Amino acid sequence: MGLGPRGALSLLLLLLAPRSRRAAGCPAPCRCAGTRVDCGRRGLTWASLPAAFPPDTTELVLTGNNLTALPPGLLDALPVLRAAHLGANPWRCDCRLVPLRAWLAGRPERALYRDLRCAAPPALRGRLLSYLAEQELRAACAPGALCRGALAAQLALLGLGLLHALLLALLLCRLRRLRARARARARAAHRSSLTAPLVAELAGASES
């Protein structure tokens with residue numbers, strides 16, 4: 001069965017399409033070749049690191065930068081990632097590195113990450129990241145950074161809870177006032193219904 005004019009044109013465009021088209025979505029200042037994203041030795045820090053990488057990335061190079069931690073979920077957003085080169089970075093082993101440690105713990109291949117060592121804090125300097133317990137990382141977190149963020153989140157939740165309780169109390173007070181008014185009206189209506197025959201009787205007697 002032969003191809004029609006549209007089918008032949010589509011096939012021709014597909015064959016002539018450049019194979020490096022994926023690089024158009026390559027984050028600056030990295031270089032991309034196929035599904036390999038190379039961001040190594042570019043002086044990247046937490047602030048200058050690309051916010052996201054192509055979802056079909058299979059190999060990510062972050063070697064030789066100034067990274068002390070990675071944003072939470074950065075590597076988890078790459079479902080087909082097979083290897084991440086993370087060496088030669090001054091990793092600060094505190095609570096910010098908990099997501100990276102969790103990601104490393106779930107990797108089937110460990111050889112690529114055996115040389116990841118802590119550069120700070122002093123108590124953990126030189127320790128291998130893959131051998132640190134999560135409690136050690138959380139204990140090394142100073143009262144700042146993520147810890148301050150967690151405290152701020154807890155305070156915000158507490159504030160929302162108090163606001164919710166205040167609104168509920170105001171609503172209950174409003175309902176009580178409405179019920180009191182309704183009861184007062186019902187009593188007034190009941191009294192008027194009791195006094196109405198007497199008033200009518202007195203009015204009839206006065207007319208006679």
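The following paragraphs describe the fold, the charged surface and selected local features of a predicted model.

The protein contains four helices and six strands, which follow one another along the sequence in the pattern α-β-β-β-β-β-α-β-α-α. Of the 208 residues in the protein, 25% are buried. The accessible surface comes to about 14,300 Å², and carbon and sulfur atoms contribute 62% of this area. Among contacts with a separation of 6 or more, 47% are made by residues that stand 24 or more positions apart.

Helix α2, which spans residues 98-105, holds the buried residues Val-98, Leu-100, Trp-103 and Leu-104. The elements that cover these buried residues include strand β4, strand β5 (91-92) and helix α3 (134-139). In an α-helix there are 3.6 residues a turn, so residues three or four places apart point the same way. The loop that precedes this helix, between β5 and α2, contains Asp-94, which counts as buried because its relative accessibility is 7%, under the 20% limit. Apart from neighbours within four places in sequence, Asp-94 is in contact with Leu-137, Ala-140 and Cys-141.

Strand β4, formed by residues 83-85, includes His-85. With a relative accessibility of 23%, His-85 is classed as partly exposed. When residues up to four places away in sequence are set aside, His-85 touches Glu-59, Leu-60, Val-61, Leu-62, Thr-63 and Leu-112. The C-alpha atoms of His-85 and Cys-39 are separated by 9.7 Å, although the two residues are 46 residues apart along the chain.

Glu-59, one of the residues touched by His-85, also takes part in a salt bridge with Arg-36, in which the closest N and O atoms are 3.3 Å apart. This pair links distant parts of the chain, given that Glu-59 belongs to strand β3 and Arg-36 to strand β2, with their positions 23 residues apart. Both partners are partly exposed, Glu-59 at 24% relative accessibility and Arg-36 at 34%. A further salt bridge joins Arg-42 to Asp-38, with the closest N and O atoms 3.9 Å apart; here Arg-42 is partly exposed, at a relative accessible area of 28%, and Asp-38 is likewise partly exposed, at 22%. Together, Arg-36, Asp-38, Arg-42 and Glu-59 are linked in a network of salt bridges. Elsewhere, the side chains of Glu-136 and Arg-127 meet in a salt bridge with an N to O distance of 3.2 Å, and these residues are partly exposed at 29% for Glu-136 and 33% for Arg-127. The count of salt bridges in the model comes to seven.

A patch of positive charge is present on the surface, where Arg-176, Arg-179, Arg-183, Arg-187 and Arg-191 gather. One of these residues, Arg-191, is located in helix α4, which comprises residues 146-207. Arg-191 counts as exposed because its relative accessibility, 59%, is over the 50% limit.

Several backbone features are also present in the loops. Most residues other than glycine have a negative phi, and most peptide bonds are trans. The peptide bond from Ala-28 to Pro-29 is, however, cis, with omega near 5°, and Pro-29 is found in the loop between α1 (5-16) and β1 (31-33). A cis peptide bond is likewise assigned from Ala-120 to Pro-121, with omega near -5°, and Pro-121 lies in the loop between β6 (118-120) and α3.

Positive phi values occur at Arg-41, where the angle is about 55° although the residue is not a glycine, and at Ala-88, where phi is near 60°. Arg-41 is situated in the loop between β2 (36-38) and β3 (59-61) and is exposed, with a relative accessible area of 66%. Ala-88 occupies the loop between β4 and β5 and also counts as exposed, at 56% relative accessibility.

Notes: Residues numbered from 1 in each chain as written. Predicted model: local features only at pLDDT ≥ 70, side-chain atom pairs only at ≥ 80, totals over all residues. Heavy atoms only, no water. Patch = residues over 30% accessible without salt bridge, like charges linked within 9 Å, V, L, I, M, F, W, Y side chains within 5 Å. Areas by Shrake-Rupley, 256 points an atom, 1.4 Å probe, with all protein chains shown as cover. Salt bridge = Lys/Arg side-chain N within 4 Å of Asp/Glu carboxyl O. Lys, Arg positive; Asp, Glu negative; His and termini not counted. Charge placed at Lys NZ, Arg CZ, Asp CG, Glu CD. Helix = DSSP H or I, 4+ residues; strand = E, 2+ residues; numbered from the N terminus. Buried < 20%, exposed > 50% of the residue type's maximum accessible area, 1.4 Å probe, protein only. Contact = heavy atoms within 4.5 Å.
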